[in-house]
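Colleague: I've got the model open and a few labels to query. Can you take me through what backs them up?

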Amino acid sequence: MAVLATSAAAVLALSACSGAPSGETPTGDSDQQEIVDITVGVMPASEIAGLQVGIDEGFFEEEGLNVTTQFAAGGSALVPALIAGDVQFSFASAAQTVPALSEGLPIRVVAPAATSGENQSLIVSADSPFTSVEDLAGKRIGVVLVNSLADFLTRGTFEEAGLAATDFEPLEIAYPDAFAALEAGRTDAAFISEPFQTTAVQAGARIIAYPFLEVNGGDPLVSTEWITTNQYAESNPDVVERFERAILKANAYASENEQAARDAVRTLLPDVDPDDGAH
């Protein structure tokens, strides 16, 4: 698992240094706080449900934060937007955070976002002749972006199956378009995330593998985090602390209230059936 070893370890390390774990909420006095407008960079995936839950349940409002979301097609567009100051906080995966840190970009992790396992998978169409990862050697596989976490996890899944990590042709296909790309024959398989995974399976797609579980010994893996820039954190330490408190409270609430998470996905992704599992 050479390809994923560094990334997986980095995700865990980043999450460990991001503050209190989900389920533990730092305390703070939110009385008489100045109302602060913040823009948060996100992408279309159910892992961002916690943010919307925090908005819906008033956790950000309690902290005096007025949140606006700004969507990007994939994670690689989020870090540049953060660095440019277009957003104050951003959703990110290790595929974006680790290279950014190694390149010396001034970012820091604020809090964990989501744990992934069976909520992300490699799928094929209903009539596909492929039934295993081994069958996908040399084939076209849709990933949200080349060099994204989806790409790295697919490589790791190939390694776990005894294949060369790069023995497939990655095609950039956004999660909402993954199943349509399979049906149109543009790709042989696709990496997909909830809530689009459930929609695809209901339409006949078959799951070949769960990459997060494949590369982590069958266990879910903390996969994403919320980040900001060093400059923003140093200039606005109180706002960062307030964001952390709100998102950790929201993460815990979403974990315990599935319907709230589903409603959040419906709000964020209105074109998706609200009953298409948010995990």
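Modeller: Sure. Keep in mind that this is a predicted model. Let's start with the sheet: it is open, has five strands in the order β2-β1-β3-β10-β4, and its pairing is mixed.

Colleague: What makes β2 and β4 edge strands?

Modeller: Each of them, β2 (65-71) and β4 (107-116), has a single partner strand, so one side is left without a neighbour in the sheet. On average, neighbouring strands here are turned by 25° against each other, ignoring direction.

Colleague: How do you know that β4 and β10 count as paired?

Modeller: Pairing takes at least two bridges. β4 and β10 (residues 221-229) have eight, in the antiparallel sense. As for Val109, its bridge partner in β10 is Ile227.

Colleague: Why is Thr97 called buried?

Modeller: Buried means under 20% relative accessible area. Thr97 has 1%, so it's buried. Thr97 is found in helix α5 (residues 94-102).

Colleague: And what makes the link between Thr97 and Glu225 a polar contact?

Modeller: The cut-off is 3.5 Å between N or O atoms. The side chains of Thr97 and Glu225 are joined at 2.7 Å, so the pair passes.

Colleague: Why is the pair Lys249 and Glu62 called a salt bridge?

Modeller: The side-chain nitrogen has to be within 4 Å of a carboxyl oxygen. For Lys249 and Glu62 the closest N and O atoms are 3.2 Å apart, so they qualify. Lys249 is in helix α11 and Glu62 in helix α3 (residues 59-62), so the pair ties together parts 187 residues apart in sequence.

Colleague: Is Lys249 buried or partly exposed?

Modeller: Partly exposed, at 30% relative accessibility. Glu62 is partly exposed too, with 39%.

Colleague: What about Glu63 and Arg245: how do you know they form a salt bridge?

Modeller: Their side chains meet at 2.8 Å, N to O, and the limit is 4 Å. Glu63 counts as buried at 7% relative accessibility, and Arg245 counts as buried at 7% as well. Glu63 sits in the loop between α3 and β2 and Arg245 in helix α11, so this pair ties together parts 182 residues apart in sequence.

Colleague: Last one: which residues have the most contacts inside the largest nonpolar core?

Modeller: Ile38, Val40, Leu51, Phe89, Trp226 and Phe243, in a core of 68 residues. Its largest share, eight residues, comes from helix α11 (residues 237-256). Phe243 touches Leu65 and Val110, among others.

Key. Residues are numbered from 1 along each chain as its sequence is written. This is a predicted model: local features need pLDDT of at least 70, side-chain atom pairs count only at pLDDT 80 or more; totals for chains, interfaces and linings use all residues. Side-chain values use heavy atoms; hydrogens and water are left out. A nonpolar core is a set of buried Ala, Val, Leu, Ile, Met, Phe, Trp, Tyr and Cys residues joined through side-chain atoms within 4.5 Å. Buried means under 20% relative accessible area, exposed over 50%, partly exposed in between (1.4 Å probe, protein chains only). Helices (H or I, at least four residues) and strands (E, at least two) are DSSP runs, numbered from the N terminus. Contact means heavy atoms within 4.5 Å. Axes are lines fitted to C-alpha atoms, for helices over the stretch in contact, and angles run from 0 to 180 degrees between N-to-C directions. A polar contact is a pair of N or O atoms within 3.5 Å; within protein, one must be able to donate a hydrogen and the other to accept it, and residues adjacent in sequence count only if both atoms are side-chain atoms. Lists of a residue's contacts leave out its neighbours within four places in sequence.
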